[in-house]
Amino acid sequence: MAEPVGASDLLPVGEARARVLANHGARGTEHVPLAQALGRTLTEPLIARRTQPPFAASAMDGFAVRTADLATLPARLKMIGESAAGHGFDGSIAPGETVRILTGAPVPRGADAVLMQEDTVLDGDVVIAQRTIFAGRHIRATGVDFSAGQSLLAAGTRLSPINVALAAAMGHAEVPVARKPRVAILATGDELVQPGQTIGPDQIITSNSFAVAAFVIENGGEPIDLGIAGDDFASLEAGIRAARKAQADVLVTLGGASVGKHDLVRSALANEGMELSFWRIAMRPGKPLIHGRLGEMLILGLPGNPAASIVCSLLFLVPLVRALSGDPRAAEDPTEPAILGAPVQANSQREDYLRATLTQGGTGLPAATPFALQDSSLLNIFAQSQCLLVRSPYAPAAEAGESCRVIKLSPPLR
Ligand SMILES: Nc1nc2c(c(=O)[nH]1)N[C@H]1C(S)=C(S)[C@@H](COP(=O)(O)OP(=O)(O)OC[C@H]3O[C@@H](n4cnc5c(N)ncnc54)[C@H](O)[C@@H]3O)O[C@H]1N2
Ligand code: MOO
């Protein structure tokens, strides 16, 4: 039977995103050294293994004192030793005595405050105190930061630099985090070669593979580059099997998704047993997107046009990789409000993602101005864009200054 190719069977973008993200979460836990934990997501709550500080510690350089000794000033105290960070004073302070103390050092027994060095005069081994202080002054109580047994970082926390420091202070050398999802990337097309390879007159370089691998890395996944498959079943099926052998969580194919006679990807995936979730969505660029699963391996068949593959990556692959990494940002709406920097025409059935500049005007929202050229082969214009201007299906024509929604692109690296 002929396949339906009419416009009416295009799935709305929101429905397609819901299907791609449905019920996907982290696929198992691994324990990684703290030095590799930045940006990873905890799969279990992290419990403090120790109390911090583990002893009452001085907050200042000065002298550990008994405040009762400072009732009458100036007070002369005999210095009987020193307590330094890492080398506490092994004794206690009797009335009339003091111990030199450094910031972070344990407060000796008998002392109930620390007098700052600036408030004293030294006369040999006699410290002359020149002000009174209250009990507890400049002492950090045991456990004022946290106590052993406290749960300080919840499961699902994406570890920031500060979180990593806290985990270290809590006594964790390794942390349980969501395993990195493995994303196999298979470019398809007889016209493609790798950068640096000898190139024939009818050939172009696979650029999409690099964008997709970069999105995977940027969002906490591990890319597996399966190279380029030709436009024939043997080559495509070998690529799909290589992805399964590599135990990929996701297979991303590039190109061959449309209706042309050499667009064999969907058939090759079906031959290998893919259960199709959808093919073709109401989106521009990105219409021929394929989604399905092959056993445990999820499939995203991205269109070959560079802009289509990148927009589909931003809308579908990025949240999927985040979801499989346990990243709480997976469910976030990627759009934000802006205003139009130029008038736009009425839209058709497909949700439009226009490459646009974003300029900050005055105090209000930034203004998005689409480029005149929007062909989905254009990569150079994409690289000059600061956002995608999102136009809903059948949105009416709109004037400059009217509100709109945009997806901000990563700022250009300088
Ligand atoms: N009769 C129709 N023709 C087309 C339709 C349609 O509905 N009816 N859809 C168009 C749309 S929309 C898109 S998008 C493209 C997508 O087609 P494919 O996914 O089959 O992609 P290819 O034909 O393989 O390639 C399209 C284009 O992109 C270049 N390409 C492919 N792979 C890469 C890569 N890895 N890096 C850089 N560039 C790549 C390829 O050389 C082609 O120029 O179909 C429309 N046609
Ligand atoms: O999805 Mo296609 O890129 O609209 O040309």
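These are my notes from going through a predicted model, starting with the ligands and ending with some odd backbone spots.

**Ligand 1**

I began with what surrounds ligand 1. The shell holds 27 residues, and the closest are Gly 255, Ala 257, Ser 258, Pro 303 and Gly 304. I sorted the shell by class and got eleven nonpolar, 13 polar and three charged residues. Next I asked which helices supply at least two residues each to this shell. Helix H3 (208-218) and helix H6 (306-324) each do.

**The annotated stretch**

I checked UniProt for a domain. An unreviewed entry there lists "domain: MoaB/Mog" at residues 184-323. I then ran the secondary structure over residues 184-323 and found 35% helix and 29% strand. The end C-alpha atoms of that stretch are 16 Å apart.

**H3 against H6**

Since both helices had turned up at ligand 1, I looked at how H3 and H6 pack. Their axes are 10 Å apart, at an angle of about 20°. An angle under 35 degrees counts as roughly parallel, so H3 is roughly parallel to H6. The crossing of H3 past H6 is right-handed.

I also wrote down who meets whom. From H3 come Asn 208, Ala 211, Val 212, Phe 215 and Val 216. On the H6 side I have Pro 306, Ser 309, Ile 310, Ser 313, Leu 317, Val 318 and Val 321. By class, this contact of H3 with H6 has nine nonpolar residues, three polar and no charged.

**Ligand 2**

What sits around ligand 2? My list reads Arg 284, Pro 285, Gly 286, Lys 287, Pro 303, Asn 305, Ala 308 and Ser 376. That shell splits into three nonpolar, three polar and two charged residues. Pro 303 was already in my notes, as one of the closest residues to ligand 1.

**Backbone oddities**

Before listing these I reminded myself that most peptide bonds are trans and most residues other than glycine have a negative phi.

The peptide bond from Arg 284 to Pro 285 is cis, with omega near -5°. Both of these residues are around ligand 2. I placed Pro 285 in the loop between strand E19 (283-284) and strand E20 (290-294).

Another cis bond runs from Leu 73 to Pro 74, with omega near -10°. Pro 74 belongs to the loop between strand E4 (62-65) and strand E5 (75-83).

Last I noted His 138, which is not a glycine yet has a positive phi of about 60°. I found His 138 in the loop between strand E9 (126-129) and strand E10 (139-140).

Conventions: Residues are numbered from 1 along each chain as its sequence is written. Chains are lettered from A and ligands numbered from 1 in the order in which they are written. This is a predicted model: local features need pLDDT of at least 70, side-chain atom pairs count only at pLDDT 80 or more; totals for chains, interfaces and linings use all residues. A residue is near a molecule or strand if its C-beta atom, placed from the backbone, lies within 6 Å of it. Helices (H or I, at least four residues) and strands (E, at least two) are DSSP runs, numbered from the N terminus. Ala, Val, Leu, Ile, Met, Phe, Trp, Tyr, Cys and Pro count as nonpolar, Asp, Glu, Lys and Arg as charged, and the others, Gly among them, as polar. UniProt positions are given in the numbering used here, feature names are shortened, and annotations may be inferred rather than shown by experiment. Axes are lines fitted to C-alpha atoms, for helices over the stretch in contact, and angles run from 0 to 180 degrees between N-to-C directions. Angles under 35 degrees count as roughly parallel, over 145 as roughly antiparallel, 65 to 115 as roughly perpendicular and the rest as oblique. A crossing is left-handed if the near helix is turned anticlockwise from the far one by less than a right angle, and right-handed if clockwise. Two residues are in contact if their C-beta atoms, placed from the backbone, lie within 7 Å.
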